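Let us walk through this structure step by step, beginning with a single loop and widening the view from there.

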Amino acid sequence: MCKDCFEEQYYSFPSQTEFEKFEEVLDLKCRLGKIKILESKNEVENELIDFIMCYKCETCEEKFIMSIPDNAWRGYFLTELNAIEYHQKIKESDKKRQKVCLFIFVLIIVLTIYGITK
Ligand SMILES: [Zn+2]
């Protein structure tokens, strides 16, 4: 990260306005040739994240990944490594949530059966 790209990262954009402000700066840097757009792709792995863009700083060669905010999902703009880490964290917390849901579901069934047979 350097002065030609970005000195801070965003783990989420607090509001749409904040995101638009950031996008303007990013767009300007792209047009000035400081940042190159590598690719954009659809991420189907996690239903929360459906559209990401990859960028590279021409000065320090740092790669960035941007996820576009969509409703409840607040997006992010992170270096490639941090983005991968962030994805893994989200996936893990998703798995935990699924386990808790499954546990509650089983508990309800058990209680229902218990209630019927009693
Ligand atoms: Zn840079």
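In this predicted model, a convenient place to begin is Glu 61, which sits in the loop that joins strand 2 to strand 3. Although Glu 61 is not a glycine, its phi is positive, at about 65°. Its relative accessibility is 55%, and because the threshold for an exposed residue is over 50%, Glu 61 counts as exposed. A second residue with a positive phi that is not a glycine is Asn 71, where the angle is about 50°. Asn 71 belongs to the loop between strand 3 and strand 4, and with a relative accessible area of 68% it is exposed.

To place these loops in the overall fold, one can follow the chain from its N terminus, along which the elements run α-β-β-β-β-α, giving two helices and four strands. The protein has 118 residues, of which 31% count as buried. Its accessible surface comes to about 8400 Å², and 56% of that surface belongs to carbon and sulfur atoms. Among contacts with a separation of 6 or more, 43% are between residues 24 or more positions apart.

The loop between strand 2 and strand 3 also leads to the metal site, since Cys 60 lies in that loop. Which residues of the protein are the donors of the zinc ion? They are Cys 2, Cys 5, Cys 57 and Cys 60, each through its SG atom, lying 2.3 Å from the ion. Along the sequence these donor residues follow the spacing C-x2-C-x51-C-x2-C. The site thereby links distant parts of the chain, for Cys 2 is in the segment before helix 1 (16–31), whereas Cys 60 is in the loop between strand 2 (51–57) and strand 3 (63–67), 58 residues away. Why is the arrangement of the donor atoms described as tetrahedral? The four atoms subtend angles of 105 to 113° around the zinc ion, and because a tetrahedral assignment requires all angles to lie between 85 and 135 degrees, the site qualifies. As for the two cysteines that mark this link, Cys 2 is buried, with a relative accessible area of 16%, while Cys 60, at 30% relative accessibility, counts as partly exposed.

The segment before helix 1 also holds Asp 4, which counts as buried because its relative accessibility of 16% is under the 20% limit. The side chain of Asp 4 makes a polar contact, at 2.8 Å, with the side chain of Thr 59. Apart from neighbours within four places in sequence, the residues in contact with Asp 4 are Lys 29, Lys 34, Ile 35 and Thr 59.

Moving on to helix 1, one finds Phe 22 there. Is Phe 22 buried or exposed? Its relative accessible area is 5%, so Phe 22 is buried. When residues up to four places away in sequence are not counted, Phe 22 touches Phe 6, Tyr 10, Phe 13, Met 66 and Phe 77. The last of these, Phe 77, is 55 residues from Phe 22 along the chain, yet their C-alpha atoms are separated by 9.4 Å.

The final element to consider is helix 2, which comprises 38 residues, 80–117. At 1.5 Å a residue, helix 2 should span 56 Å, and the separation of its end C-alpha atoms, which is also 56 Å, agrees with that expectation. The buried residues of helix 2 are Asn 82, Ala 83, His 87, Ile 90 and Asp 94, and they pack against strand 3 and strand 4 (76–79). A general property of the α-helix is helpful in reading such a list: with 3.6 residues a turn, residues three or four places apart point the same way.

Conventions. Residues are numbered from 1 along each chain as its sequence is written. This is a predicted model: local features need pLDDT of at least 70, side-chain atom pairs count only at pLDDT 80 or more; totals for chains, interfaces and linings use all residues. Side-chain values use heavy atoms; hydrogens and water are left out. Buried means under 20% relative accessible area, exposed over 50%, partly exposed in between (1.4 Å probe, protein chains only). Contact means heavy atoms within 4.5 Å. Accessible areas come from the Shrake-Rupley method with a 1.4 Å probe; for residues, only the protein chains shown count as cover. Donors are N, O and S atoms within 2.8 Å of the metal (3.2 Å for Na, K and Ca); water is not among the atoms, so sites may look incomplete. Four donors count as tetrahedral if all angles lie between 85 and 135 degrees; four count as square planar and six as octahedral if opposite donors are over 155 degrees apart and all others between 65 and 115; anything else is irregular. The expected span of a helix is 1.5 Å times one less than its number of residues. A polar contact is a pair of N or O atoms within 3.5 Å; within protein, one must be able to donate a hydrogen and the other to accept it, and residues adjacent in sequence count only if both atoms are side-chain atoms.
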